[in-house]
Amino acid sequence: MISLPGSDARRPAGSPRCSQVRGSGLARLRRAALPGPALLLGWAIIAWAQDADTLAAPLSWEGGGQTYKLVAVPAPLLEGREPAMQQALGSLRRELAALVRKPGVKPVELGEAFGHMGRHYHAHHLYGAAAGCYTNAETLEPGVFRWPYLLGYAYYQASHPHKAVAAYRRALAIQPGDAAAQLRLAAVYLELNQPAVAEPLLERPLEQDGLREAAAFLKGKAALARRDYENAVRYLEAALAEGPQATKAHYPLAMAYRGLGDVDSARRHLKLLGEGEPRVVDPLVDELGTFLTGARTHYFRAIEAVRDGHYDEAVYGFTEALAQDPDNVNARVSLARSLYLAGDREGGHEQLADALRRQPDHLLGNFLMGVLLDEQGQPGKAAEHYQVTLAQDPEHAGAHYYLATVLLGQGEFARAAEHYAAAWRLEPRLASARMLEAMALLEAGAPHTTVRARLDQAVSAYPDETMVVLPLARLLATSPDAQVRDGARALTLGEGLFEASPRLENAETLAMAYAALGRYEDAVAWQESAISATAAAGQFFQLPRLEDALSRYQDRERLPTSVALNASMLRPPPARALGPFREYPTLSAY
Amino acid sequence: MLTLLTRRNPHGHAASILGRVLAAMGLSALSAAAVADGYFSDQAEASGVDFVQFNGMSGEFYMIENLGGGGALFDYDNDGDLDIYLVQGAMLGPKALSEALFPPQPGKPLTDRLYRNDLSVARDGTPRPRFVDVTEASGIRSAGYGMGVTVGDYDNDGWVDVYVNNYGRNQLWRNNGNGTFSEVTDQAGVGEERLSVSSAFVDYDRDGDLDLFVSNYVYFDPEENRECSAPDGSRDYCSPRAYEPAPDRLYANRGDGTFEDVTAKSGIARAFGTGLGVVVADFNGDAWPDIYVANDGMANQLWRNQKDGTFVDDGLLSGTAVNMEGAAEASMGVDAVDVDGDGDEDLFMTHLLGETNTIYINDGEGWFEDRTMATGLAAPSKGYTSFGTAWFDYNNDGWLDLYIANGGVNNFLSLVLQNDPYPLHQTNQLFVNLGEGQFKEVTKAAGKVFKLSEVSRGVACGDVDSDGDADLLVVNNNGRARLLVNQEGNRRHWLGLRLLDARGRDALGARVRVERPKQRPLWRRARADGSYASANDPRVLVGLGDSAALGPVRVYWPSGLVEQWSGLQADRYTTLREGEGQEVKS
């Protein structure tokens, strides 16, 4: 029998009284007359829909001897979403609706059911529906902390900060000292531009493991908002010390240093800026992840975790998603990346290998496998993967670059130069590729005029980039080709380098430039200074090379170009997979 | 109908004539406002602006089809009133025009349109802008898929020229001074072929002629169209991350009608992103113009002018590259004005749904703080995807207010489920500046036109009816252009200034300080750039509030000269020429 809400006549004795506060479209539809042949089917459809829709309007529910005013739980728009998710949420909603009507249900039982449903909605980012469920759960279980707490979080995520404040306040009334609630509430107050209210709420979280990092981050931001730069630096440095993955903190920290007038520190932190969020160990929120259904929702959660630098969570998300969607090679590559970034290199390797077994020509899979093998000291095998990558995408700048580096190491200088050139032409911001192309050309025996032209071009594009200015200065200072050698310009460039950064290699470059101009006394003086500074720094392994150059200057000889350009910074660094695994641009994250 | 203005009034002061006649008729600006249903009324159709943007949608979800277009408010015929230029789209990809999901306006060729303003005054003293489509007679034959437009007198002949941003080669139209234009793109060397939306004329080297900065977006090719999905799995527009960003361009004016591409030489090539908006201003008070580029989903650039022909990107350290969370936002439109009245240029950017629009307050040294939360502009912006924007004093109370044009770039599920044919539309917003760094949304009181839900993009600001308050030209993607005529501002007093440099050109970048007895001074800047894909009226309009009393007016010319005028009259437009004021030694 269909029990129509509000139809007391049909209500079985002892069943909870359950009435619609206001009519809905479906209620009106239910009362509409249906033609005979369609009657059965029509009622079947209505019955199916009615159970679920019981929740879509406010309810007055009686149970345990009390009347509870339950708010509407709007039916979220699920059209177009994954079938698994639609099915799971639809089925849960129908079960909940049935429970609302079921006789003899206790308030606590219904409260838990609303909360359960709320967490499912919440996990799928359906905040409106989640908020309705949590509100009802709180009504039915007024002393339970987690419902107003999760309600506050849902409101916060849905950009309803004032409602979030009210909910968190209610949660704290139940558990006054709950540090996680204090932290969350403080975050909302900061968003509402009320740092003075937020800051006291952070004291307890600052003392608690798992919350300290986020609390320090928020403290720092609050101090920054007050232009209290010293405390901002103190707290933000503490946040980063606690959780270096919270790369987002580098930005407010940079602004705080800027406020203190320490521009160098500000610039240093700006270079480290990322999207990593401070970690919050919050079991109630963390548990939401277990309510996800459907691969796509796991993917989104995993991608968010990657963005926040929480790679363990990303591994979990991709693993869960792949359990439902095992043939998604892109996702498997993302899992490999997450594993690597979470510290499980072997696991990353295995997943990449699995991905390439499933799709041997997978572009990103091959590229990352190449980088990984390169890092593991297997350049030959790495090169094979770079070649596959380039066969798929001849304009893959990264594959050109890494392949060039392998070729350089194998002594195939001309081919290396070609690939470096391809790399910087495809990605003009790859200044190192320009420099390495020049070095490869030099090794391949190209005329110094050609090498100089390449470096001139690079310096024109990147006049402040040491890695191109330095080799040009040294080539101009030491080339035996009179058409290339230009001591005056070498000196100008060298002075610029030294002024920007008084480092050993720049002092050496100045000495080379003076030698090119025939000013050997100056060259000797600079070289001696370089030697003294190196000895003082205890870098004795550098001394033989420096002293050999000194004796040449004392003998009024220039350094050979091959020696001048044999500097560590003019060679490719050892392959490291971390950068490409973490930051390599992809059209989609999975 | 009394026609007061003639189009044959080169360099004339027609607008000031209008102001004087209005005053003589006892109407003045104060009584000219007709109260309609709110602060603004849409008078596009009534005034003859019948432009409908065609976006070329054909179901292929080409990402650029929902980006255009823009418009310009400028006085091309030097008759003292503002004319209108609107850029038009075209079909994209191989499909025929007949396959467009929304067919173009019948009877109108798919080209950019130029409307001449034949401003007149009705018997009741109400100024009546009347626009006549003069595209054919003007000789303008746009090519490509139009995105945006900027204006400036690049050849210093006293007639303002037009630069059009296209998907496809951009075009430079030289104003011949007789109502016609000639295309000089090739001769000038500014035929940038990358996809650009906004650009700005700027005399970055202070050599007396206007150079050109073009912000480019992404490398897009319909033949390599990417397929992207909404979170629910349905087909949707791609984000710019699906494409490679395209580098911006800086062209130096050689002074002989040609430009040199100095992108690399100037340092501009060192950083770039998905540029959609650009604004030029002196952000650090060194009297040299800096360039700010708003990138979509990438860090923005603030190019500090090094005074030697080069620029350095100081976006991050200046605090304007990313928001207070350290996150790059999807910047679309941008504007720079002195929001807080402290004499320096602050920045405002419009952003994507879920992000806030962001306001960066300048400390005077070119270092900024993200004060979005504190101003009250954060929460009302999170539910919108915003593009064009204008800081303007709509109520002439002396504080700059804010207009924001909205419209999504990804389908709104709620509209999709209603079978909406173009499910991107949203309403636009108006915020009043309460002073003390606080803003309040007043959209509901702003008029019926604010109830329209459209896919708005470009916004240009200017006093179309020359009645002393700022009006707005709003360009809608796949929709009708709107002309929001201000019904509110000229209830208060105002000062209108046209600033001409020593060569007789609108002195873009000139800053004005207006003293008022016992009140804070007001700072304004002559500018045509900013917003999104659009060009503003370069005249300076200063709301004076309830008092017409004026102190000295000081002009900081782009050349570095500082001059002062005294005894200027309120409630009228006055032309100030460089070299004719009293020099002030700083």
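Me: What distance separates the centres of domain 1 and domain 2 of chain A?
Reply: Chain A is divided into domain 1 (1-13 + 44-76 + 83-176) and domain 2 (470-579), with bounds that come from an automatic or database domain assignment. This is a predicted model, in which local features need pLDDT of at least 70 and side-chain atom pairs count only at pLDDT 80 or more, whereas totals for chains, interfaces and linings use all residues. Residues are numbered from 1 along each chain as its sequence is written, chains are lettered from A and ligands numbered from 1 in the order in which they are written, and side-chain values use heavy atoms, with hydrogens and water left out. Taken over C-alpha atoms, the separation of the two domain centres is 74 Å.

Me: Is N366(A) buried or exposed?
Reply: N366(A) belongs to helix α20 (residues 363-375) of chain A, where helices (H or I, at least four residues) and strands (E, at least two) are DSSP runs numbered from the N terminus. Beyond its neighbours within four places in sequence, N366(A) is in contact with L356(A), P360(A), D361(A), H385(A), V388(A) and T389(A), contact being heavy atoms within 4.5 Å. Relative accessible area under 20% means buried, over 50% exposed and in between partly exposed (1.4 Å probe, protein chains only). Because its relative accessibility is 2%, N366(A) counts as buried.

Me: Which residues does Q387(A) contact once its neighbours within four places in sequence are left aside?
Reply: Q387(A) lies in helix α21 (residues 379-392) of chain A and is partly exposed, with a relative accessible area of 35%. Its C-alpha atom is separated by 7.7 Å from that of L403(A), although the two are 16 residues apart along the chain. With those sequence neighbours set aside, Q387(A) is in contact with L403(A) and R415(A).

Me: Which elements of chain B do the buried residues of α13(A) pack against?
Reply: Helix α13 (residues 250-259) of chain A is mostly covered, since nine of its ten residues are buried, among them H250(A), Y251(A) and P252(A). Just after this helix, G261(A) takes a positive phi of about 85°. Within chain A, the buried residues of α13(A) pack against α11 (212-225), α12 (229-242) and α14 (263-271), and within chain B against α6 (315-318) and β25 (368-370).

Me: Which strands stand at the edges of the open sheet β8-β9-β10-β11 of chain B?
Reply: The order of this four-stranded open sheet is β8-β9-β10-β11 (chain B), with antiparallel pairing, where two strands pair if DSSP finds at least two bridges between them. An edge strand has a single partner, so one side of it is left without a neighbour in the sheet, and in chain B this applies to β8 (145-152) and β11 (181-183).

Me: Which residue of β11(B) stands opposite W173(B)?
Reply: Strand β10 (residues 171-175) of chain B pairs with β11(B) in the antiparallel sense over three bridges. Opposite W173(B), the residue in β11(B) is E183(B).

Me: What percentage of the residues of chain B count as buried?
Reply: Chain B has eight helices and 40 strands, and its C-alpha atoms fill a box of roughly 65 × 55 × 50 Å along the principal axes. Among contacts in chain B with a separation of 6 or more, residues 24 or more positions apart account for 61%. Of the 586 residues of chain B, the portion that counts as buried is 66%.
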